[in-house]
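Welcome! Have the sequence and the 3D view ready, and work through the exercises below one by one.

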Amino acid sequence: MIKAFDKPIYVTRPFLPPLEEFCNGLKEIWDNHWLTNDAPIVQRFCRQLSNYFETDNVCLFNNGTLALQIGLEGMGIAGEVITTPFTFVATTHALFWNKIRPVFVDIEPDYYTLDPEKVEAAITPWTTAILPVHVFGHPCNVHALADIARRYNLRLIYDAAHAFGVRIGNRSIAHFGNMSMFSFHATKLYHSIEGGMLTFQDSGLKSILDYLKNFGFKNEVEVVMPGTNAKMNEMQALMGSMILGYLDELIEKRRKITEIYRERLSSITGIKLVPSLPADVEYNHAYMPIEVNEKEFGISRDKLYEELKKYNIYARRYFYPLICDFSCYRSVSVKDPLTVARKVASRILILPIYCDLSLNDAQQICDIIIMLQAKELGHQSSEFAAKV
Ligand SMILES: *Cc1c(COP(=O)(O)O)cnc(C)c1O
């Protein structure tokens, strides 16, 4: 008999540095008495991230959503933007806030990222940019997308909210496209409580982004554009800066958890894992997605999701429903049938993964999934036996 967990196991749990280390850091804030508006720790954090991402073109924000909104605004994106419906809703919201029309196209079936062929088919005279998502930290097909962007003279802006620490061919993922947005939200693998960052190719954007996130102030007496307030504060920067020191350790712990899940679940009928990533990709193990095929597994994705809750396991159905199916976007016309995205959204389930989830806990989650299937199949075969 497999028991439920004593405490709820959520899909994620934020990492916190040792309290003493954080308290020591707070002393610096108290000494400086400077809490926000490009304060010293924010400045230092920005330099650390510049080093980490090997670019001077870094701009920090109070969250990823505003970073993306301001990035689109700063680059003057308008008209139509081709994007994915299989993402967190903020990707599309950022377009809406800039009065840009989202054009949803399908994803590819292995890694769930935007399908370049379908992108090309969706380009119209109004298209100005492509906004793909490195969903679950899986790199998009960056070369094919760059090629399309070049041929059609479109801007390429990545939602890299999930992709902190991911590298392609030994280059940070931040170096692909014209701009990338990273989220440092507490639920992400790397966080600053809340926070966001843009990296970009054109260094001329730096001052525009700085104006836009600070009301458009150029100096005490000049306001050069109608900006908003999207500045990172010292508490966020302190947390982010500290956690950066633990990043490699955090990714390594997740890698081990992923290994257990993959070992235990890969042979189960009706559960599909993401194929191994190309050899030149360094992955961050941000999420642990599985696809549940009801016919083969015996239980629907939604039933498995509910059953797991009875064992105190709170998996999540990211990303279901698709963004185009939310009531606020239902009026957006969608030409692509979104065949793959619809299928994936109906099957996807994200299993718990975070740095202090023990390997035993991961084993127990697998035991429970396997047991639920066995129970269901046993139940089905006894029903079958009763009928004959
Ligand atoms: C979390 C997330 C965002 C928004 O980031 P916040 O920092 O929470 O504002 C945007 N896009 C994706 C894909 C996300 O997962």
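Two strands count as paired if DSSP finds at least two bridges between them. Helices (H or I, at least four residues) and strands (E, at least two) are DSSP runs, numbered from the N terminus. The model is predicted: local features need pLDDT of at least 70, side-chain atom pairs count only at pLDDT 80 or more, and totals for chains, interfaces and linings use all residues. Residues are numbered from 1 along each chain as its sequence is written, and side-chain values use heavy atoms, with hydrogens and water left out.

**Exercise 1. Find the strand order of the seven-stranded sheet, and then look at its edges.**

Step 1. The order in this open sheet is S2-S10-S9-S6-S5-S3-S4, and the pairing is mixed.

Step 2. At the edges are strand S2 (58–61) and strand S4 (101–104), each of which pairs on one side only.

Step 3. From one strand to the next, the twist averages 25°. Here axes are lines fitted to C-alpha atoms, for helices over the stretch in contact, and angles run from 0 to 180 degrees between N-to-C directions.

Step 4. Start at S2: four bridges link this strand to S10 (residues 196–200) in the antiparallel sense. Phe61 faces Gly196 of S10 across this pair.

**Exercise 2. Trace the partners of strand S6 (residues 155–159), and say why it is largely enclosed.**

Step 1. S5 (residues 127–131) and S6 run parallel and are joined by two bridges. Look for Ala129 opposite Arg155 in S6.

Step 2. Between S5 and S6 the chain passes through helix H6 (residues 142–152), making a right-handed β-α-β crossover. Right-handed means that, with the strands pointing away from the viewer, the path from the first strand over the helix to the second runs clockwise.

Step 3. S6 also pairs with S9 (residues 179–183), again parallel, over three bridges. In this pair, Tyr158 stands opposite Ser180.

Step 4. Buried means under 20% relative accessible area, exposed over 50%, and partly exposed in between (1.4 Å probe, protein chains only). Because four of the five residues of S6 are buried, the rest of the structure largely encloses this strand.

**Exercise 3. Work out how the small antiparallel sheet S8-S7-S12 is put together.**

Step 1. This open sheet has three strands, in the order just named.

Step 2. S8 (171–172) and S12 (281–282) each have a single partner strand, so one side of each lacks a neighbour in the sheet.

Step 3. S7 (residues 167–168) is joined to S12 by two bridges, with Ile168 partnered by Val281.

**Exercise 4. Describe how domain 1 and domain 2 meet.**

Step 1. Domain 1 covers 19–105 + 112–244 and domain 2 covers 247–387; these bounds come from an automatic or database domain assignment.

Step 2. Taken over C-alpha atoms, the two centres are 28 Å apart.

Step 3. Contact means heavy atoms within 4.5 Å. On that basis, 33 residues of domain 1 touch 33 residues of domain 2.

Step 4. Together the domains bury about 2,900 Å², 69% of it on carbon and sulfur atoms. Buried area is the accessible area (1.4 Å probe) that two parts lose on being put together, summed over both.

**Exercise 5. Find what covers helix H8 (residues 234–244).**

Step 1. Ten of the eleven residues of H8 are buried, among them Leu238, Met242 and Ile243.

Step 2. The cover over these buried residues includes helix H1 (19–32), helix H2 (40–53) and helix H9 (247–265).
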